[in-house]
Structures are given as C-alpha cells and as structure tokens.
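Biologist: Could you take me through this structure slowly, and give the reason behind each term as we go?

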Amino acid sequence: MKLPLQIRRYMPQDAAAWNAFVQSSANGTFLHDRRFVDYHADRFEDHSLIAHVDDKILAVLPCNRVDNTLQSHGGLTYGGFVVGSAMTASLMVDIFAHARDVLLQMGITQLAYKAVPHIFHRYPAEQDIYALVQQGAQLVRCDLSSAIAIGQAPAMSKSKRQGVKRAQKAGIDVSETKDLAAFWSILTDRLSQAHEAAPTHNLAEIEMLQSHFPANIRLFTAQDVAELQGGVLVFDCGPTIHVQYMATTEAGRTNGALDLIIDHLVHGIFSDRRWFNFGVSTTKGGRCLNIGLSRQKEMFGARSVVFNQYEWNLA
C-alpha cells in the first residue's frame, strides 16, 4: 500500500471531509472536529496530516508543529491517528513508515504522540501504538485517569451513597441547563480558592464551543429552592462521557450535591453508555499522583485508565 498511499498536510478546504471522516471513525470524538481543533488556532501552528489513497481518507492526525517537532495537537488531551473501518494493522505500519519519509522531507525530526485512550474507541483501534513501537518510539509519559465502567463498576462507597441521600433529603434536584454563566461563577471561585487556578476555557470560549456542539457539551446542575449548589459539565464522546468540569458551593459540598449529580448521570441519563471518565489525577509529567483526588473518583466506582504519550526520533 506504499503507493498510491499519500500523506499530506491538512488544508482549510478539507474541513468538511475531515469532519465527516471523524464522525464515522473508530476512535475519533467531537474534539477532533475542526471546529473544536481550530478554536484556539492562534495558539498553535497547525500541521495536521491526512493519509489517503486517491480521494479516500484512511486516517487523520490532528497535530501542530514546534520547531522540528510534530506534536499531537497541544490543544487536545489526546489526539493520535483517527482511523476508519478500513484500517488494518499492516496498513498502519505502512502509514508510519511513509510518514517518516514525508516528515523528514518537511524538516521534522521528532514526533510527540498522544494516543487516543481505548475508552474513547467505538471498537478496538490500537494499531497505531504497535506501529509506533515497531518504528522505535518510546513511552515517555503515562498519566492516570479514572473511569466508571457503566453497569459493571464496583459500587459507590458508603460515604458517596450517604451523600446522595443527604442531597435528596435537602430537597436538591438535578437538571440539565444551558446557563453556563451561573456555573462558571462557582467553578472559577472554587478553582481560585482551592488551587489558585482557572478553568482551561473561559466563559466566552465554552459558550462558543457549546454553540457548535450543543449535543456534546452538556451541563447538569444541582439546585434547591433557593440557590444553585453545584454542577458537572460533561463532554459527550459517544461511548464515553467525560467530566470536563465539576464544582460546588460550600453548601453544595455539605449537602452532597456532586454525589447526587454523578449518581443521576451514571445510573440515569447515561446508563446506556460504556464509560464515565473523570479525567487524570496526575501532575508533573504524570510522575506525581494526587492520591486524594484519585481516591475521590474511586469512591464513585471508577478505576484506572492510562493516557500514554510517546516520542519517536525520526532521524
């Protein structure tokens, strides 16, 4: 398949074909849609790639360039090759071998690669990891996420079940809302006070993204008759629901608002999905585990999923 296999840079006129391919792919999510990838185009020098034969796309790689390094896109948590149903192990091996020659011709001597974790796959699609390692790539970073296997997970801890009952007794209800501004006020206050940090997206950015992906970016809040007590904003990635942000007020923490929301989502709204992912609990390049944060997720019934990153020295 080395000929007529071609690998070339993505161009803006490819957007519609790219997005259609991602939507029907084995391991792509709406995060790989060009409307999401390009929302922070001013921060990254896009150098995304398309592997194709004639007009048939075989794989796409959202990435950006920094000097002589090609990176899985810096604005995405994960973003290795997104592949279609025609992808086979031998074809992926050919793609990486051909990519090496193409990238060296572009003056790129290193690839930093963030594989799409298996929980985001519609069906198995890890040919890229094999092909990378076959070519000599090295595992350089391993972050630890926590995900609930919906319908098959260990039970929530006693304290979390008590939190659910406490929230119900306090008259708190969970509902879906489009009022991002009210939740963002709680979120920014919480992150500032607890971590001296800010959300990855500001309010204007998340509102813009939700306008593009209303079915994928969803906010669920907990409220009593008097006030909003907390919320969870999720990214709906098909088989996997990913928690992007969650925060509560002081009253919400006392009343178990988050416990109620998570229980409502896992056992109600998204009970037909495979995974409910809380995101990583690691820092310092994956070397430091936030044990308290990881334990909180495990108390909901979540267990460990690794997010791996590789480096390939092309020269």
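Modeller: Let us begin with what an angle between helices stands for: axes are lines fitted to C-alpha atoms, for helices over the stretch in contact, and angles run from 0 to 180 degrees between N-to-C directions. Please keep in mind that this is a predicted model. Here the axes of helix α5 (residues 158–169) and α9 come within 7 Å and cross at roughly 100°.

Biologist: Why are α5 and α9 called roughly perpendicular to each other?

Modeller: Angles from 65 to 115 degrees count as roughly perpendicular, and the two axes cross at roughly 100°, so α5 and α9 are described in that way. The contact involves Ser-159, Lys-160, Gly-163, Val-164, Ala-167 and Gln-168 on the α5 side, and Ala-257, Asp-259, Leu-260 and Asp-263 on the α9 side. By class, this contact of α5 with α9 has four nonpolar, three polar and three charged residues.

Biologist: What does helix α9 pack on, and which strands does it touch?

Modeller: That needs the sheet, which is open, has 10 strands with mixed pairing, and follows the order β4-β5-β7-β16-β8-β13-β12-β11-β10-β9.

Biologist: What makes β4 and β9 the edge strands?

Modeller: Strands β4 (63–66) and β9 (173–177) each pair on one side only, and they are the edge strands. Neighbouring strands of this sheet are turned by 25° against each other on average, direction ignored. Helix α9 (residues 257–269) packs on the sheet, where it touches β8, β9, β10 (217–223), β11 (228–237), β12 (240–248) and β13, and its direction makes about 35° with that of β11.

Biologist: How do you know that β11 pairs with β10 and with β12?

Modeller: Two strands pair if at least two bridges are found between them; β10 and β11 have seven, in the antiparallel sense, while β11 and β12 have eight, also antiparallel. In the pairing with β10, Arg-218 has Val-234 of β11 as its bridge partner, and Phe-235 stands opposite His-242 in β12. A hairpin of four residues joins β10 to β11, whereas the hairpin between β11 and β12 has two residues between the strands, with Gly-238 in the turn at a positive phi of about 80°.

Biologist: Why is β11 called largely enclosed by the rest of the structure?

Modeller: Buried means under 20% relative accessible area, and 10 of the 10 residues of β11 are buried, so the strand is largely enclosed by the rest of the structure.

Biologist: And why is Asp-33 called buried?

Modeller: Asp-33 has a relative accessible area of 9%, and is therefore buried, because the cut-off is under 20%. Asp-33 lies in the loop between α1 (15–23) and α2 (34–37), and, leaving aside neighbours within four places in sequence, Asp-33 is in contact with Asn-19, Val-22 and Phe-213.

How values were computed. Residues numbered from 1 in each chain as written. Predicted model: local features only at pLDDT ≥ 70, side-chain atom pairs only at ≥ 80, totals over all residues. Heavy atoms only, no water. Buried < 20%, exposed > 50% of the residue type's maximum accessible area, 1.4 Å probe, protein only. Contact = heavy atoms within 4.5 Å. Parallel < 35°, antiparallel > 145°, perpendicular 65-115°, else oblique. Nonpolar A, V, L, I, M, F, W, Y, C, P; charged D, E, K, R; others polar.
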